[in-house]
Amino acid sequence: MSGLGRGRWWAGVLGLAVLMSCHGDEQLQQPRPPDDGIGDGNEQPPPVAPDDPPPDEGDPPPIGGEDSDGGTPDAGEDGGVPAPPDATWRILGPDEGGPREVLGVTQDEGGNIWVAGGEDGLCLLTPGAARLRCYTMADGLKPWAPWKGKDPAPEARYLKVLSVTGGPAGTVFVGYEGRPNCESEFYKAPGVFEDPAIYKSGDADRVELQADGTLRVVHYDIHSPAHSVPGYGHREKLCTVNRIVWDKARNSLWFASNHGLAWGEPDYQGGEACTNAEVNAANEWVHSGGEKRQRCKFGVMEHIHPAIAMSDSSTSEDSRLAGDVWGVAVRPDGDVWMGTHIRTTRFKIMTNAVGHEGTGAPWNFEAARKQSEEKKHVANRIDLWPDAVAEPQFPSHAQRKDDLVSDLVLMPDGTVWVSSFAWGLAKLNDAGQVMGHLLEGETERFVSSLERDPLDGSLWIGHRWGQGLMRMHQEGQFVSYKPMLGRWGALPVWDIQAVGSGETRKVLVAFSAHRDAAGNIVLPGAIGIYSGK
C-alpha cells in the first residue's frame, strides 16, 4: 500500500490526506494504508474513524469460513452465493518458491508471470515452470536514485516491491515503497539536514529479463528537476508507487503514487532526456524565467492530483488536501480516470479543449492538470462518498468523509466502478456522475482491488478484510470464491489482473499475507491463477 505500506499500521489511515502548498514548500501528513487484517466475515471489521487505534488482532481467525475445510456458508452471510464447481485454480505460495507476501501479480506479453513480493523482492514464474525465482537488490533492482551524482547511503537502502505491470515480452514495470517520511523529507525547514537516502528512495524500475535469467534494470527517478515546472524549484514528492498502468496504444505509463499521478516513458533507457515521440511532438514545454524548458525529464512527468481546499489549519487558498492515488484506468480516448483518498477526476490529457499557449489537445500535461486542480473546475473533482459540505465551502476535519479510493475499472459502456478501502463500491457514468453504491454493509465494504473479466465482462472484487474474493456477474449479484479457496480464502487481496482473451484468458490474484499485531507474518500469501469460466 501507500506510504509505509501494505502490512504496516497506520498513523492516520482512513481519511488521511496531505497538506500541501502550491509554491513548493509542501508539508504533509503521510497517509497510511488500512489494516491488512483478515477475518471470516463474522468478526468486527477494523475501525474507520481516522483517530481510532488499530484493533488487537490476536490469533488469526479461521480461513475459509467457519469450516476448516472451506465449507459453504449461507448466502448473504459471507458476501454472496458460492462459486460454481467448474472454477479452476492454481495456487503458488512459498512452497513453490513464491514470496511470503504477495502485493501484486501480472503477466508480460511473453507469458512470464511477475509478482510484487514485498521485502522478498520481484518474483518470476516463466512459462511451463513449476517454481518461482525471486530477485532482490543483489540482482539489480533499484529502489533508490542517485543525488548529485552519488548513491545516497547504500547501507540505508530498503526494498519493498509494491506493484507490477507487465509490458512487452520479457519486460515488467515495478513500483517500490519509499522509506518513512520520504514525501516530506526534502521540505524540511532551512538549516535542517535533508537525508537523500530518504527522499530519493522508492519510485519505479523498468525490468527486462535476459536470456541467461539475469535482469537489465532502468530506474525511473520520479521527480521534477529545478525550473522544469513553473513556480517550483527542485521537487521530490512522489516516492511510493501503489499501482502502474501501461497504455500500450499511446506508449505511456501511469504511476499511481503517494500524493499524485505521474506519467512515465515505457521505452526509457536512462539519462536525463525524454525520447517519447508523441510527447515531444506535442511540444511538452513550460515557461520558466522567460525560457522554455522541457517538462519531461528522466523519463517522467509529475504530478497531478484533484486536491480540495481545507479549512482546519489554514485559510490560505494554497493549502489543499490531496492524497494517495490508487485507482487508474485509461479511457479509449486516452484520458485517464484517477481516484485518490480525497477525490476522483478525469485527467484530460488527450481531450483538454485548450492547451498550453493556446495549442489544442492532445497531450498537454499542464493544461490537463489545471482542468482537475483549478478552483473553477469543481465539476471535475468528484466526491464519491460526499463530505458534509461541498465546494466552494471548505470541509473541516469533522465534515469530511474521505473516499479512500483503492482501485477503479472502466467498463465497455463507459461506466466506471470505483472501490474504497472503507466504503464499498461506487458507480460513475461516462460523464463522471455518481449513479449508485454497492457493498455498503459492515462486513463487505472494505474493498482493496477490482478487475474486469475480458471473458464475460464480470467484475472481480478483492477485499482487504474478511470477504476475500468475490465476483459480480450482474449488478448487485455477487459470487463468493472464499469457501473454495480454503486457507487463502480470507487473506487480503491487493491486486487482480486479467490477461488474454476468450476461453484462454487468465485472472491473476494477489493473496497477501496475514500478520499478527506485532507485524509478523503468521500466514503467508500466494498467487492465484484462475482459468475457469
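In which sense do strand β4 and β5 pair, and over how many bridges? In this predicted model, β4, which covers residues 104–107, runs antiparallel to β5, and four bridges link the two strands. One of the facing pairs is Thr 106 and Trp 114, the latter in β5. Five residues separate β4 from β5 in the hairpin that they form, and Gly 111 in that turn has a positive phi of about 90 degrees.

On its other pairing, β5 meets strand β6, made of residues 122–125, again in the antiparallel sense and over four bridges. Here Trp 114 stands opposite Leu 124 in β6. Trp 114 is thus placed opposite Thr 106 on the β4 side and opposite Leu 124 on the β6 side. β5 and β6 also form a hairpin with five residues between the strands, where Gly 118 takes a positive phi near 60 degrees.

The side chains of β5, residues 113–116, alternate in direction: Ile 113 and Val 115 point one way, whereas Trp 114 and Ala 116 point the other way. All four of these residues are buried.

The loop between β5 and β6 also holds Gly 117. Is Gly 117 buried or exposed? Its relative accessibility is 1%, so Gly 117 counts as buried, the cut-off being under 20%. Beyond its neighbours within four places in sequence, Gly 117 is in contact with Pro 99, Glu 101 and Val 161. The C-alpha atom of Gly 117 lies 8.9 Å from that of Val 105, a residue twelve positions away along the chain.

A second strand, further along the chain, can be read in the same way. Strand β24 spans residues 416–420, and because five of its five residues are buried, β24 is largely enclosed by the rest of the structure. Val 416, Val 418 and Ser 420 lie on one side of β24, with Trp 417 and Ser 419 on the other, and both faces are covered.

What does β24 pair with? Strand β23, residues 405–410, pairs with β24 in the antiparallel sense over five bridges, and strand β25, residues 424–428, also pairs with β24 in the antiparallel sense over five bridges. Towards β23, Trp 417 of β24 stands opposite Val 409. Towards β25, Ser 419 has Leu 425 as its bridge partner. The hairpin of β23 and β24 has five residues between the strands, and Gly 414 in the turn has a positive phi of about 95 degrees. The hairpin of β24 and β25 has three residues between its strands.

Helix α3, residues 365–373, is mostly covered as well, with eight of its nine residues buried. The buried residues of α3 are Phe 365, Glu 366, Ala 367, Ala 368, Arg 369, Gln 371, Ser 372 and Glu 373. They pack against five strands: β13 (252–257), β14 (260–264), β17 (300–304), β19 (320–322) and β22 (344–347).

How many cavities of 30 Å³ or more does a search of the whole structure find? The search finds one. The largest cavity holds about 50 Å³ of space. Its lining includes Pro 143, Trp 144, Pro 152, Ala 153, Ala 156, Arg 157 and Tyr 158, together with Arg 179, Pro 196, Ala 197 and Ser 201.

For the chain as a whole, the secondary structure comes to three helices and 35 strands. Of its 533 residues, 61% count as buried. Among contacts with a separation of 6 or more, 59% are between residues 24 or more positions apart. The accessible surface is about 19,300 Å², and carbon and sulfur atoms account for 50% of that surface.

The confidence of the prediction has a mean pLDDT of 83 over the chain, with 78% of the residues at 70 or more. Over residues 7–78 the pLDDT is below 50, although the model gives this stretch 206 contacts beyond near neighbours in sequence. Residues 1–5 also stay under 50, and the model has 32 contacts for them beyond four places in sequence. Where pLDDT is low, the predicted coordinates should not be read in detail.

Note on methods. Residues are numbered from 1 along each chain as its sequence is written. This is a predicted model: local features need pLDDT of at least 70, side-chain atom pairs count only at pLDDT 80 or more; totals for chains, interfaces and linings use all residues. Side-chain values use heavy atoms; hydrogens and water are left out. Buried means under 20% relative accessible area, exposed over 50%, partly exposed in between (1.4 Å probe, protein chains only). Two strands pair if DSSP finds at least two bridges between them. pLDDT is the predictor's confidence in each residue, from 0 to 100. Contact means heavy atoms within 4.5 Å. Accessible areas come from the Shrake-Rupley method with a 1.4 Å probe; for residues, only the protein chains shown count as cover. On a 1 Å grid over the protein atoms alone, a cavity is a set of points where a 1.4 Å probe fits but cannot get out, and a pocket is an open set with protein on both sides within 12 Å along at least five of seven lines; lining residues have an atom within 4 Å of a point. Grid points are joined across faces, edges and corners, and a volume is the space filled by probe spheres set on the points.
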